[in-house]
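User: Hello! Could you walk me through a helix pair and the cysteines of this model?

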Amino acid sequence: MKFFVDTAEIAEIADLAATGLLDGVTTNPSLIAKSGRDFIEVTKEICGLTDGPVSAEVVALDHEGMMREAEILRKIADNVCIKVPLTIDGLKTCKALTGDGSMVNVTLCFSANQALLAAKAGATFVSPFVGRHDDNGFDGMDLIRDIRLIYDNYAFGTEILVASIRHGVHILESAKIGADVITAPPAVIKGLFKHVLTDKGIEGFLADWAKTGQSIG
Ligand code: E4P
């Protein structure tokens, strides 16, 4: 399962990229606004921190406008992945861009039928938002299960990119279901490294090691 980080904060991305475990980055207009940075400039910088796909989202709502924006975005770097919303115009744009060799991430997916349409439009990634689904009284992970089943039934190549992740259980469930990718905030990814028994174990080993009076090297 690939790990993408969902942020436009350069320091956070660089920190995770240094672990060697980062496979890509997702951004959205809200994350760009939060960073306070120029969209094109920060996207270019992010693309230099990872070889993996970096999702940059269009803001036009019509097909022609989306195509115009995508033209600008895909010139930023070879690893830019154009993010489009799951609308008729978004999927029309997805079909045109993937047909032309660009990566496309279809975002704001909230139903398995929408995911089916994204796959038929040739999406590279589909982003079902599990956290926002949970927030509205549904089970986000059920959505991922349904999409996995449908994509496997028809051997669709579209990768399921689980988005709007709030905690480690979303990631664990995604892995059990067989999602292709997760994207999560930096703090959620960093939280996966932690376990109280790991910390306690290190503490105990170091205390015993000190008693030996030895050093390595
Ligand atoms: C996905 O690509 C989105 O950027 C993101 O996961 C949205 O998450 P949120 O619901 O926490 O805003």
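Analyst: Happy to help; a few questions and answers follow. This is a predicted model, where local features need pLDDT of at least 70, side-chain atom pairs count only at pLDDT 80 or more, and totals for chains, interfaces and linings use all residues. Residues are numbered from 1 along each chain as its sequence is written, and side-chain values use heavy atoms, with hydrogens and water left out.

User: Are helix 8 and helix 9 roughly parallel or roughly antiparallel to each other?

Analyst: Helix 8 covers residues 140-154 and helix 9 residues 168-177, and their axes are 10 Å apart at an angle of about 20 degrees. Angles under 35 degrees count as roughly parallel and those over 145 as roughly antiparallel. The two helices are therefore roughly parallel.

User: Which residues of helix 8 and helix 9 make the contact?

Analyst: Contact means heavy atoms within 4.5 Å. On helix 8 these are M141, I144, R145 and R148, and on helix 9 they are H170, E173, S174 and I177.

User: How many disulfides does the structure hold?

Analyst: A disulfide is a pair of cysteine sulfur atoms within 2.5 Å. For C94, the closest cysteine sulfur is in C81, 9.3 Å away, which is too far for a bond. The number of disulfides in the structure is zero.

User: Is C81 buried or exposed?

Analyst: Buried means under 20% relative accessible area, exposed over 50%, and partly exposed in between, using a 1.4 Å probe and protein chains only. C81 has a relative accessibility of 0%, so this cysteine counts as buried.

Notes. Axes fitted to C-alpha atoms, helices over the stretch in contact; angles between N-to-C directions. Helix = DSSP H or I, 4+ residues; strand = E, 2+ residues; numbered from the N terminus. Parallel < 35°, antiparallel > 145°, perpendicular 65-115°, else oblique.
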